[in-house]
Amino acid sequence: MEENKIKQFEKKIRILFIIRIVMWIICAAGCVYWIYWSFKLYEIEEFEVHTYATHFRPYFNLGITISLVSITISLILRLISDSYKRAMKEEMYRIK
């Protein structure tokens with residue numbers, strides 16, 4: 001019975017870890033997205049600060065929003081994972 005609980009905790013922790021890795025990859029992709037468009041807009045248009053900023057803002061906002069949301073979700077999953085680890089430890093060292 002206790003072995004099954006421990007295996008369930010380990011499986012949940014592993015799944016959460018994989019999801020967190022995916023979230024960090026999404027975060028990096030959000031950063032790469034706005035960096036790419038920053039260089040692309042700089043190459044496409046004649047460089048005028050106000051025009052560049054006006055065209056760049058939507059790309060920047062989307063990239064930063066994607067990054068912040070994915071980091072937030074990752075940190076929430078970390079808290080859930082830590083609670084599972086605590087519960088698993090209590091289950092492992094429970095006095096019989």
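Does Tyr 59 count as buried, exposed or partly exposed, and at what relative accessibility? Keep the question in mind; the tour reaches this residue at the third stop. The model on the screen is predicted.

**Stop 1: the whole chain**

Show the protein chain as a cartoon. There are two helices and zero strands to find. Next, reduce the view to the C-alpha trace, which spans about 75 × 15 × 15 Å along its principal axes. The radius of gyration of the protein chain is 21 Å, whereas a compact globule of 96 residues would have one near 12 Å.

Now turn on the contacts. Of those in the protein chain with a separation of 6 or more, 77% are between residues 24 or more positions apart.

**Stop 2: surface and charge**

Switch to the surface. Its accessible area is about 7500 Å², and carbon and sulfur atoms hold 67% of that. Buried residues make up 21% of the 96 residues. Colour the side chains by charge: 14 are positive and 10 are negative. The centres of these two sets lie 12 Å apart.

**Stop 3: Tyr 59**

Select helix H2, residues 49–92, and pick Tyr 59 within it. Here is the reply to the opening question: Tyr 59 counts as partly exposed because its relative accessibility is 23%, and the buried class ends at 20%. Show the residues around it. Apart from neighbours within four places in sequence, Tyr 59 is in contact with Tyr 33, Trp 34, Trp 37 and Leu 41. Then select Ile 35, which is 24 residues from Tyr 59 in sequence. From C-alpha to C-alpha, the two are 8.9 Å apart in space.

**Stop 4: Arg 78 and Asp 82**

Stay in helix H2 and select Arg 78 and Asp 82, which are four residues apart, about one turn of the helix. Side chains of opposite charge can pair when their charged atoms come close. Arg 78 and Asp 82 form a salt bridge, with 3.3 Å between the closest N and O atoms. The count for the model comes to one salt bridge. Both partners are partly exposed: Arg 78 has 39% relative accessibility, and Asp 82 has a relative accessible area of 22%.

**Stop 5: Arg 20**

Move to helix H1, residues 2–44, and select Arg 20. Which residues does Arg 20 touch, not counting those up to four places away in sequence? They are Ser 74, Leu 77 and Arg 78, the last being the salt-bridge partner of Asp 82. Arg 20 is buried yet has no salt bridge. Its nearest side chain of opposite charge is Asp 82, 6.3 Å away, while a salt bridge needs the atoms within 4 Å.

Terms used: Residues are numbered from 1 along each chain as its sequence is written. This is a predicted model: local features need pLDDT of at least 70, side-chain atom pairs count only at pLDDT 80 or more; totals for chains, interfaces and linings use all residues. Side-chain values use heavy atoms; hydrogens and water are left out. The radius of gyration is taken over C-alpha atoms; the globule rule is 2.2 Å times the number of residues to the power 0.38. Buried means under 20% relative accessible area, exposed over 50%, partly exposed in between (1.4 Å probe, protein chains only). Contact means heavy atoms within 4.5 Å. Accessible areas come from the Shrake-Rupley method with a 1.4 Å probe; for residues, only the protein chains shown count as cover. Lys and Arg count as positive and Asp and Glu as negative; His and the chain ends are not counted. The place of a charge is taken as NZ of Lys, CZ of Arg, CG of Asp or CD of Glu.
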